[in-house]
Amino acid sequence: MYPTRVPARQLLLCFLLFWIAAFAQAAVPKVAAGGSHSLMLKADGTLWAWGSNSSGQLGDGTTTQRPKPQRISGIAGVSAVAAGYVHSLAVKKNGTVWAWGALNGATRPVPVPGLTGVVAVAAGEAHSLALKSDGSVWAWGLNSLGQLGDGGTTNRSSPVQVSGLTGVVAVAAGSAHSLALKNDGTVWAWGDNAYGELGDGTSANRSSPVQVSGLSGVVAVESGANSVHSLALQSDGTVWAWGYNSDGQLGDGTMTGRYSPVQVSGLTGAVAVATGFAYSLALKSDGTVWGWGRNASGQLGDGSGNSQLTPVPAFALTGAVAVAAGRHSLALRSDGTVRAWGENNSGKLGDGTTTDRLVPVTVSGLAGAVAAGAAHSLVLKSNGTVWASGYNDYGQLGDGTTTERYSLVAVSGLARVTAVSAGWCHSLALKDDGAVWAWGYNTDGELGIGTTTDQHSPVPVPGLTGVVAVAAGQFHSLAVKNDGTVWAWGHNLRGELGDGSTTSRSSPVQVSGLTGVVAVAAGLFHSLALRSDGTAWAWGYNAFGQLGDGTQTDRATPVQVSGLKGLTGVVAVAAGYEHSLALTSDGMVWAWGGSAASNFNLPTELPAASNVNVIKVAAGYYHSLFVTGDGTVWTWGDNSHGQLGDGTTTMRYTPVVASGLTDPDTISGNGYYSMALKKDGTVVTWGANYYGQLGDGTGADHYTARPMDDLFPSGGAMPSGWVATSGSYAPWTVAADVPYAGWQVLKSGAVGNAAHSGIQVSGSFRDGFVAFQRKVSSEVNGDYLRLYVDGVVKGEWSGEQDWSHVGTFVSSGNHTVAWAYEKNGSGAAGTDAAWIDSVALPTAFADVPSSNFAFDYIHALKDAGITTGCGGNNYCPSQNVTRDQMAAFIIRAKEGEPASACATPPFTDVPISDGFCKYVKRMLDLAITTGCGGGNYCPNQNVTRDQMAAFIIRAVEGNPPAGYCGSSAPFSDVPVSNGFCGHIKRMAELGITTGCGGGNYCPGQTVSRDQMAAFLGRAFLGM
């Protein structure tokens, strides 16, 4: 759930109630900018980081610079985050503080001892602040200038309380000074004051808090690790500044330093502020970002590179909901994407480069989404490519064919995509340049290309630029532009285009009288829009009351959704076949329109039992979904195909929990099925599958969520089992002139025009699609890149061809798949080349038949990179799991490969030469194990089912509280006195196990590799 922008005068009340609301600790998406690194807190409580990592401030266990976002593993459930100069802080929902980077030397998040009940943190250059729910402030770190506020100048390695401060509702940390906002609207400051950054009218340092002169009615304060100036936001939307002013960072039109606050010139309507190195930013209520001060690296984002003494807007940036500043700038938009601009020497902009940017660019790697059509599915990968499966009679999969696909195939020729949407039989994609591309069914002009001809591959929608959001209805399409206007095209017999007519349109037309829009949704014949003021609007078909205006009259222009309290404070909308949903800022869901039970002409609040702290909503034909802050998916409505995911086909009139599905990042529903993108990047689907829309390689309906058959390994050394066929050029090595970093090159042989270079792999395959990306650079059409299956050419490409996704279907069985670049034409051998990457192979283990109960689990682990088997394309499913093997499985499942090898033995019987040492060490580091006693780990000992329960539960969520079993045993053979009772009980509660039959768990029984695959698949992959 993204925060609703509210008038600044209302923000003071929000802050006065801050410490009360903080007990709920819902994660509000946020960005933070450090000295040369960036952090993002997502709504699901996960943390992402990129940029400089010299002191481990990215928290990934290394000191390696990252030019693209990486998820910080080992920490979840985060509610607040802060970035210092070279250190980082996070607050978890349980009120604990975690830190990493320069101040404590940790390269992964570790808890700060002695801090509980914390609701917010701030990070300076070398000191940190924590605000507790009781209104007290605590500080630690460097204190040479009194920045800790404890009355002295002694450095502190553990938190100390700031003297004399109570009733604090917000804190900020500058380079060497600190700020606190009290619940009476006054601001207090302490620490370095050489340039007046304390705002008390003097230049004297203060080791205890003093009041900032002349400020009242303040609702937010800000300074940063790079800053020697301070900002305050008042309830009337004005901004005040004081301190150093060398580059105009105070925004008063001068470069004169100020020892007391002065008003930033010409700036009103501000709702948030941020300070950087000699510059400042403000977020306005209309979603625009304004900056002033230093601009040499483009940190103001206005495209000029010139410093500004008064505020100027960042170029073409709208829909922002949060900002951050360091030596670079960040903005989080309402669609969940992040824009960055300014200095980029350490890759801190996250766009994959180290090039400074004078205007905002999209941070890569944070995108990712799913979209469900009537019977086809779209998956947007974090690399900006789009993949599809399911029904394809009209080309809606975009692979250039009309062939149904039961596994994901690549949508041809699309890259840098930031959003996707799927209609009945057409698809839309939004690219990072604001252009819209469309493909599929077009009888009513759904594609917006000026014709009614179907398209089997994506084509651009002409004349449509600056788009920030799209939505595909059953037979019409919608787009929101960065100026807040809405444009529509396609079917219009019910007025669903909102242009005042009922004439269908094959090109976009503007929706009448609607501005300030930030999101849209489209149903069968009706449309919804969410405005930045938190109101919802609707138009089109209304026979079931789906417009929510209290009537059943169709509307050809937008009307406001009415009902209880006017239904304001809306943060998201969703449209089903004949019903509508809205999510309000208090985390509640409202519904109106047709349902299986009854019709509602006005919004009705869902039952409170489940409708608490909701963060996302979605709607299918006749069913609906929402996600709560704890990662639970709730569903209700039609369930004829299992689209509710509760394991049944029983219709539900009130929300029920979708079984075994946790931590979704995005959800989508349409037709008679549902989709979710999990925070680990796994896509799961459930419901109707008659055209393969679930993408799991079958055509069978599924009543609970299961992962798509989705495997995209990329680049690197030649994988195990692959063979170079011939040629002098080593295949699978990067050529110096490769136009796409990381792609692999095949060149023709050095001798003779008939020479070739290639690779092949033989093995056992599952039904699925062999897919890859290719680019060909040939002088003549007689030179070919060919794809072979069992010696038969399944595809060939010649001449100059730009990159795209291609491939072919293979059935279950043993096959040999090969790629060869063959030089048959004129020209010197070895001069031309073809590139391939992102190879997807639906391979299977030779010793795991499809009849094995764990077939899907085992291959899901393989696809996720958790296992490569036991050698020779085998998995050894009936072999017992040893404790060292188990450590490798769990660590890979939880956080991937460890960053480094063992430096010292973690246990007496696990030397650093042991191949499993690094996994065992991480198990110890994460408190998943303390060994088997006497300083040993017993690596070769077989794992029992009770031990496995303990390992998995500790890895997933930590140890259960003491006495968790209470007086009720979870299984007949697991008494409450069993030391593992709590872990086994949690395994059952989380759906990871149902026991071994007859009401028993068989705790002392050893675990085989196929059993373990089932445990891990349920625990970590949501199967």
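This report walks through the strands, helices, cores and ring contacts of a predicted model.

## The chain at a glance

Start with the overall tally: the chain has 8 helices and 66 strands. It runs to 1023 residues, and 59% of them count as buried. Take the contacts between residues at least 6 apart in sequence, and 56% of those join residues at least 24 apart.

## A four-stranded open sheet

One sheet to look at is built from 4 strands in the order S41-S42-S43-S44, open and with antiparallel pairing. The edges belong to strand S41 (517–522) and strand S44 (555–560); each has a single partner strand, so one side of each has no neighbour in the sheet. Going from one strand to the next, the twist averages 20 degrees.

Zoom in on one edge. S41 pairs with strand S42 (residues 526–531) over 5 bridges, in the antiparallel sense. Ala522 has its bridge partner in S42, namely Ser527.

## Two nonpolar cores

The largest nonpolar core has 49 residues, and the ones touching the most other members are Tyr875, Met886, Ile890, Met923 and Ile952. Helices feed this core: helix H3 (855–863), helix H4 (883–895), helix H5 (917–925), H6, H7 and H8 each supply at least two of its residues. Another core lies apart from it, with 17 residues that include Ile759, Leu787, Trp797 and Val817.

## Helices H5 and H7

Which residues of H5 are buried? They are Cys917, Tyr919, Val920, Arg922 and Met923. Met923 also turned up above among the residues of the largest core that touch the most other members. The buried residues of H5 pack against H4 and H6. Just past the end of H5, Ala927 takes a positive phi of about 60 degrees.

H7 (residues 981–989) buries Cys981, Gly982, His983, Ile984, Arg986 and Met987. Its buried residues pack against helix H6 (945–956) and helix H8 (1009–1020). After H7 comes Gly991, again with a positive phi, near 75 degrees. As a general reminder for reading such lists, an α-helix has 3.6 residues a turn, so residues three or four places apart point the same way.

## A loop contact across the sequence

Ser1008 sits in the loop between H7 and H8. Is Ser1008 buried or exposed? Its relative accessibility is 10%, so Ser1008 counts as buried, the cut-off being under 20%.

Ser1008 and Pro877 are 131 residues apart along the chain, yet their C-alpha atoms are separated by 6.7 Å. Setting aside neighbours within four places in sequence, Ser1008 is in contact with Pro877, Ser878, Gln879, Asn880 and Val881.

## Aromatic pairs

The structure holds 22 aromatic pairs. One of them joins Tyr394 and Tyr441 edge-to-face, at 4.8 Å centre to centre with 75 degrees between the planes. The two rings come from distant parts of the chain, 47 residues apart: Tyr394 is in the loop between strand S31 (386–390) and strand S32 (405–410), while Tyr441 is in the loop between strand S35 (436–440) and strand S36 (455–460). Tyr394 is partly exposed, at 23% relative accessible area, whereas Tyr441 is buried, at 12%. Both also belong to a cluster linked by ring pairs, made up of Tyr391, Tyr394, Trp424, Tyr441, Phe475, Phe525, Tyr541, Phe544, Tyr690 and Tyr691.

Phe845 and Tyr875 make a tilted pair, 5.4 Å centre to centre and 40 degrees between the planes. Phe845 lies in the loop between strand S66 (843–844) and H3, and Tyr875 in the loop between H3 and H4, so the pair ties together parts 30 residues apart in sequence. Phe845 counts as buried at 2% relative accessibility, and Tyr875 is buried too, with a relative accessible area of 0%.

## Arginines over rings

Two arginine-tyrosine contacts round things out. Arg786 lies over the face of Tyr784, 4.1 Å from the ring centre. In the other, Arg945 places its charged end over the ring of Tyr1001, 4.5 Å from the centre.

Definitions and conventions
Residues are numbered from 1 along each chain as its sequence is written. This is a predicted model: local features need pLDDT of at least 70, side-chain atom pairs count only at pLDDT 80 or more; totals for chains, interfaces and linings use all residues. Side-chain values use heavy atoms; hydrogens and water are left out. Buried means under 20% relative accessible area, exposed over 50%, partly exposed in between (1.4 Å probe, protein chains only). Contact means heavy atoms within 4.5 Å. Two strands pair if DSSP finds at least two bridges between them. Axes are lines fitted to C-alpha atoms, for helices over the stretch in contact, and angles run from 0 to 180 degrees between N-to-C directions. A nonpolar core is a set of buried Ala, Val, Leu, Ile, Met, Phe, Trp, Tyr and Cys residues joined through side-chain atoms within 4.5 Å. Rings of Phe, Tyr and Trp (its six-membered ring) pair if their centres lie within 6.5 Å; planes under 30 degrees apart count as stacked, over 60 as edge-to-face and the rest as tilted. A charge sits over a ring if NZ of Lys or CZ of Arg is within 6 Å of the ring centre and within 35 degrees of the ring normal.
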